[in-house]
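Trainee: I am new to this structure and would like a close look at a single part. Could you walk me through the surroundings of the ligand, and then show me how some helices pack?

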Amino acid sequence: MNLVLAKNETGRAVSDSFAVARDRLPGAGKVAEARSAAFEAYERTGLPHRRIEDWKYTDLRALMREVLPLADAPDAAALKRAAAAVKLQAINGARALVLVDGVFVPKLSEVGGLEKGLTIRTLRDVLETGEAALPAQLFSPDNDNPMVALNSAMITDGVVIEIADGVVLKQPLQIIHVASAPAAVAMFTRSLLRLGKDAGATLVESYIAADGTTAYQAHDSLVVAIGDNSRLDHVRLVEDSRDAFNISSAVVTLGAYAHFNTFGMTSGAAVSRYQATIAFAGEHSGVETNGVNLLDGRQHADTTLFMDHAVPHCASREVFRAVVDDRAHSVFQGRIIVRPDAQKTDAKMMTRALLLSDEAEANNKPELEIFSDDVTCGHGTTTGALDESLLFYMRARGLPEKEAQALLIQAFVGEAIGSVVNDDLRELAIAATQRWLEARR
Amino acid sequence: MTALLEMKDLKVRVEDNEILHGLTLTVNPGEVHAIMGPNGSGKSTLSHVIAGKPGYEVTDGQILFRGEDLLEMEPDERAAKGLFLAFQYPVEIPGVTTWNFLHTALNAQRKARGESQLSSPEFLKKVREVAKSLNIPQDMLKRGVNVGFSGGEKKRNEILQMALFEPAVCILDEMDSGLDIDALRIAADGVNALRSPDRAMVVITHYQRLLNYIIPDFVHVMSKGRVVKSGGKDLALELEASGYTQFEDAA
Ligand SMILES: Nc1ncnc2c1ncn2[C@@H]1O[C@H](COP(=O)(O)OP(=O)(O)OP(=O)(O)O)[C@@H](O)[C@H]1O
Ligand SMILES: [Mg+2]
């Protein structure tokens with residue numbers, strides 16, 4: 001069964017198609033109601049376009065044109081290809097949680113031997129179990145955002161992770177999204193992570209493709225609640241295939257004295273958008289969010305962050321670096337709001353883009369909305385090419401042009417990668433950078 | 001005997017201004033040449049053109065390195081072939097440690113010459129020896145290239161690189177500026193240690209004092225983009241006494 005969600009010229013979806021897909025979407029009752037409401041919200045705009053302010057630089061009607069049919073559950077061959085891809089990307093020592101074509105695959109995941117206080121369920125189970133068991137945050141992402149709404153309407157699976165009070169996980173968790181279907185299809189996933197009080201965890205999200213995929217669409221979302229005095233370290237690596245689409249959203253809420261350290265690196269996908277809302281709900285909490293885009297060819301990558309300082313005494317740091325070659329396009333939109341009560345907020349954002357070719361493009365859109373007077377806030381943004389005098393100095397010492405560039409690029413992104421606390425994960429980000437640099441030699 | 005470096009009637013323009021108006025100079029193996037001359041006479045321009053800095057247009061003449069056309073080579077090829085320029089104003093490279101930079105550069109040169117790569121321990125041993133001989137503290141190697149270095153430290157880092165790369169032709173553009181008396185002597189000792197029958201040095205300086213430490217075989221006076229007088233080491237003493245005015249008229 002093929003589902004056409006938005007194939008007409010305006011990119012608007014057709015309700016009939018959703019009705020058709022419905023039979024395959026898990027959950028009844030409240031879940032079905034939430035899906036309908038979300039789909040209605042999506043339908044009001046359809047695929048977002050440049051006349052919607054938030055999507056000015058990432059016009060999905062032009063870039064994506066349509067929402068592809070829902071992927072079928074992976075067959076044996078697809079799982080085999082996925083297994084090979086996972087092998088290359090799985091992090092040593094991490095607990096792999098693998099979704100293939102939007103379906104959780106226990107066989108490829110490490111589901112046994114859970115540390116005490118850690119529970120992992122599949123989203124499908126949660127959706128199908130009945131209303132009483134539904135986590136409160138499941139449909140909390142805001143349907144005003146059309147791609148969030150579409151995701152809410154269509155989610156098929158994901159992982160639902162709960163970490164009990166006082167439990168600090170030793171083993172990092174790695175959610176691996178693998179696209180494996182050889183057809184042009186879309187997957188819709190959502191994962192939830194709830195950290196109780198005094199808890200801690202490290203979460204890695206990897207987006208990869210098996211051999212033989214064609215221009216698939218990964219529509220993902222992550223809902224995170226970090227309890228009081230808890231800490232989450234988070235790394236996202238978008239290494240989707242070069243013709244794919246990755247549209248992901250995250251909603252993160254922090255309690256008091258909580259900490260969230262997040263780092264994202266996008267080197268894959270033809271078109272990607274990561275939109276994250278981070279909200280402070282308790283005082284004395286801190287967030288570090290850092291990102292790197294490594295783009296070439298005709299890649300388009302958009303990171304849109306919304307930092308919501310609703311309460312006093314919280315600090316946030318955003319450091320974003322984009323390296324853009326060929327005709328690629330990097331977008332960073334960072335909005336910080338400091339609400340009236342949020343005295344003593346300390347919020348800073350620094351974005352820098354490095355353009356390696358004349359046709360490369362970077363858009364930085366910082367927005368500060370401050371409704372409180374006793375705060376320290378600031379942002380800075382620069383866009384430029386590599387410094388010719390540095391390049392010449394290095395070449396005069398014997399470094400070929402690309403190698404000299406590589407050292408300068410590593411230094412440039414190093415400012416963001418340096419924020420990753422976990423040594424292994426930081427090495428992973430450095431290695432990903434090196435792979436990218438070697439590919440352009 | 002082939003000359004190591006030959007400039008023949010070299011004319012160079014920068015942004016529509018001719019800076020070198022027909023410069024001729026021959027440097028043979030084993031020789032040390034000093035170039036002196038007033039500010040703006042084109043000394044650094046000459047050194048940049050030799051090293052291959054973009055932005056300079058050679059409108060006439062040639063530069064030969066061991067008889068090969070140097071102007072046809074990329075800057076990194078020139079370095080790998082044994083050309084070294086100690087910059088008048090070394091740049092700062094934040095985020096790239098001196099250690100990593102030198103290791104990568106040395107291995108790039110060796111690779112271009114078809115030599116084996118130095119492992120980290122091999123490199124460490126080599127760079128430590130060189131740093132020690134030049135009285136350069138180890139922790140300078142851990143810092144970003146020239147980042148936060150004092151003027152004198154930057155110059156010492158240039159000499160360190162020269163000693164490490166063991167080039168055939170060393171061009172030192174005002175290596176004495178910014179060095180205190182002790183540092184000057186140590187740096188000059190470093191340069192002298194590299195003097196050999198197959199190697200040549202071109203020492204650009206404003207001060208005769210440096211030439212007490214690095215004793216040149218030839219001294220050239222540059223003025224307005226040309227070599228206007230050449231002589232032995234005594235020419236430097238003469239200049240110290242009489243200044244450049246006489247040559248400005250001649251040029
Ligand atoms: N990019 C440029 N554009 C225009 N003029 C330039 C440029 N670079 C150098 N010049 C000019 O070329 C001339 C020679 O400069 P150069 O730096 O070679 O002199 P120098 O002999 O090294 O002087 P100093 O002793 O002060 O170091 C100067 O008049 C300088 O202004
Ligand atoms: Mg000069």
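Mentor: Let's start with Glu15(B): one of its polar side-chain atoms lies 3.4 Å from a nitrogen atom of ligand 1. Please keep in mind that this is a predicted model. Another side chain that reaches the ligand belongs to His206(B), where a polar atom sits 2.7 Å from an oxygen atom of ligand 1. The backbone takes part as well, since a polar backbone atom of Gly40(B) is 2.9 Å from an oxygen atom of ligand 1. Now take in the wider surroundings: 15 residues lie around ligand 1, and those that come nearest are Gly40(B), Lys43(B), Ser44(B), Thr45(B) and His206(B). You have thus already met Gly40(B) and His206(B) from that nearest group.

Staying with chain B, let's turn to a pair of helices. Helix α4, residues 120–133 of chain B, and helix α6, residues 151–165 of chain B, have axes that come within 10 Å and cross at roughly 125 degrees. Because of that angle, α4(B) is oblique to α6(B). Their crossing is right-handed. If you follow the side of α4(B) that touches its partner, you will find Phe123(B), Lys126(B), Val127(B), Val130(B) and Ala131(B), which meet Leu160(B), Ala163(B) and Leu164(B) of α6(B). Sorted by class, the contact of α4(B) with α6(B) has 7 nonpolar residues, no polar ones and 1 charged.

Chain A offers a pair to set beside this one. Here helix α7 (residues 388–396) of chain A packs with helix α8 (residues 401–417) of chain A at an angle of about 125 degrees, and the axes are 9 Å apart. The two helices, α7(A) and α8(A), are therefore oblique to each other. The crossing of α7(A) and α8(A) is right-handed. On the α7(A) side, the contact is made by Leu390(A), Leu391(A), Met394(A) and Arg395(A); α8(A) brings Glu401(A), Ala404(A), Gln405(A), Leu407(A) and Leu408(A). The residues in the contact of α7(A) with α8(A) divide into 6 nonpolar, 1 polar and 2 charged.

Key: Residues numbered from 1 in each chain as written. Chains lettered and ligands numbered in written order. Predicted model: local features only at pLDDT ≥ 70, side-chain atom pairs only at ≥ 80, totals over all residues. Heavy atoms only, no water. Axes fitted to C-alpha atoms, helices over the stretch in contact; angles between N-to-C directions. Helix = DSSP H or I, 4+ residues; strand = E, 2+ residues; numbered from the N terminus. Parallel < 35°, antiparallel > 145°, perpendicular 65-115°, else oblique. Left-handed = near helix turned anticlockwise from the far one by under 90°. Contact = heavy atoms within 4.5 Å. Nonpolar A, V, L, I, M, F, W, Y, C, P; charged D, E, K, R; others polar. Near = heavy atom within 4 Å. Polar contact = N/O pair within 3.5 Å; in protein donor to acceptor, adjacent residues only side chain to side chain.
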